[in-house]
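Colleague: I'm new to this model and would love a close look at one part of it. Could you walk me through the ligand site?

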Amino acid sequence: MDNQLHIWNEIKSRLSLAYEEQSYKETIESIDSIFKVSNNYIYLIVDNDFVKKRVEMLYLNKMNRMLEGYVEETFKYRLITREQAEVELADQKRYAVNQPETLFGQETFTSNLNPGYDFNSFVVGTSNRLAYTSAIKIADQPGIVANPLYIFGDVGLGKTHLMQAVGNYILEGDIHTRVLYIKADEFVEEYVRLASKKRYDEFNDQFRNIDVLLVDDIQFLAKKEKSQGEFFKLFEYLHGKKKQIVITSDRSASELADIMSRLTSRFLWGVSVDINRPDLEHRIKILEKKLLAEVSDRDLIPLKVLEYIASVFDNNVRELEGALKRVLFFCTAFGYDFTVKNAELALESLITPKENHKDFLKKQITNLLSVVSDYYKISTSDLISKKRSRNFLYPRQVAMYLVKTIYDIPYKKIGLYFGNRDHSTVMHSVEKIANDLQHDRHIKIDVEKLSIKCGEN
Ligand code: ADP
Ligand code: MG
């Protein structure tokens, strides 16, 4: 499927060049996922019926001809609207969950897990280490060490990934374990659906008959009193049977609003762990890992480009990942080199320009200051202080010179990075070093080495 998506992205980029921009934008551009591959048809998801008809009329033949060039067998594209796809999925899921059927003598049970979310692909750092080790422990001994495991943190930081890793790990150990992953809002829907038909037994059969319950984004139970009551009963039932429960949320259990306290207090029975934002080093590691999942050659993208992406997207892993994919696609589709400049171009639309430049610059300069202070074996705070001892003064002037020559920003702005020095001080420092460079070999060597270290080569 990943490969199919890759092919589709290539075809997309060719279409974008072959057709008029406006029409492409209104139709093809937003098609970015494959629903399923079945009977040699590849089903692409489109937003609505209108787009579907237009694409079928204008593009489908061309798309299928292009596809022939990529795959040997006779595959063809078909379109399905998001709505149709959702209905089909819901039906499949319901069928599988409601009536575990006997297939070749074995029961099947749909856990709703994404097999890609496993422990191996989860990159551990200080921000998520505790959550990770707790998850591993409960996956090893479900129902015993911590029940429930409550994982909380902001969006896009890996809660769902980690929770599903628990499920996948348990299934790997024993394929017959009944692991059920469900989002809290789906739980509510399911309850409402069955309660409206008074099919309470069915509801109970469906949820009590499981070994591991993974409930994602529990905050969505807020204000749904009936569903909360039902969930409470389920929780008590499973917990009493020592079935492992994992819950995620965007906030700590004590901060959950509009959820009955007899329920939230249960969440504190087990272990509660939070996931925070990854630091720069951690983000780079995540990118490296994601890159390896996309391409076979790790060296395809220089570290500098990954550092750039990691420095701009510091908020959430989902965005970080999206940015990487975009750069990969952009450079591959247009045959551009993987340089920081091209990464900037690829990501332009995702980043508000000012923030982008400002944040990036700030990080680069902070990095430069630490490179220079390391080089002269002084602390960064001394480097940017007003202390006039030669030990500090000379490195400081060199640092100012480097900032000016590498980033070419106004003296006044440079002053801000050095304890708010005025622009004339900075200017004199820069000029002094520029002069010294002409006749002092040592300074020349220092500056050359530092320029390389700071990335200006
Ligand atoms: P949340 O549930 O907290 O909103 P997700 O689990 O959906 O976040 O994570 C968003 C994306 O980021 C997913 O694609 C996930 O694989 C990825 N991700 C998050 N944290 C990590 C991590 N530590 N290592 C690898 N991928 C991660
Ligand atoms: Mg999630």
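Which helices each supply at least two residues of the shell around ligand 1?

Modeller: Happy to help! They are α7 (159-173) and α14 (317-334); helices here are DSSP runs of H or I with at least four residues, strands are E runs of at least two, and both are numbered from the N terminus.

A word on conventions: this is a predicted model, where local features need pLDDT of at least 70 and side-chain atom pairs count only at pLDDT 80 or more, while totals for chains, interfaces and linings use all residues. Residues are numbered from 1 along each chain as its sequence is written, chains are lettered from A and ligands numbered from 1 in the order in which they are written, and side-chain values use heavy atoms, leaving out hydrogens and water.

Now to the shell itself. Ligand 1 is surrounded by 17 residues, and the closest are Gly156, Thr160, His161, Arg318 and Glu321; a residue counts as near if one of its heavy atoms lies within 4 Å of the molecule. At least three shell residues come from each of domain 2 (103-275) and domain 3 (280-351), with the bounds taken from an automatic or database domain assignment. Sorted by class, the shell has six nonpolar, six polar and five charged residues. In that scheme Ala, Val, Leu, Ile, Met, Phe, Trp, Tyr, Cys and Pro are nonpolar, Asp, Glu, Lys and Arg are charged, and the others, Gly among them, are polar.

Three side chains make polar contacts with ligand 1, meaning pairs of N or O atoms within 3.5 Å. In the side chain of Thr160, an N or O atom is 2.7 Å from an oxygen atom of ligand 1. Arg318 also places a polar side-chain atom 2.7 Å from a ligand oxygen. For Glu321, the distance between a side-chain N or O atom and an oxygen of ligand 1 is 2.6 Å. On its own, ligand 1 has 560 Å² of accessible area, and the protein covers 94% of that; such areas come from the Shrake-Rupley method with a 1.4 Å probe.

To place the site in its setting, the protein has 21 helices and 10 strands. Its C-alpha trace spans about 90 × 60 × 35 Å along the principal axes. Of its 457 residues, 45% count as buried, which means under 20% relative accessible area with a 1.4 Å probe and protein chains only.

Notes
Polar contact = N/O pair within 3.5 Å; in protein donor to acceptor, adjacent residues only side chain to side chain. Buried < 20%, exposed > 50% of the residue type's maximum accessible area, 1.4 Å probe, protein only.
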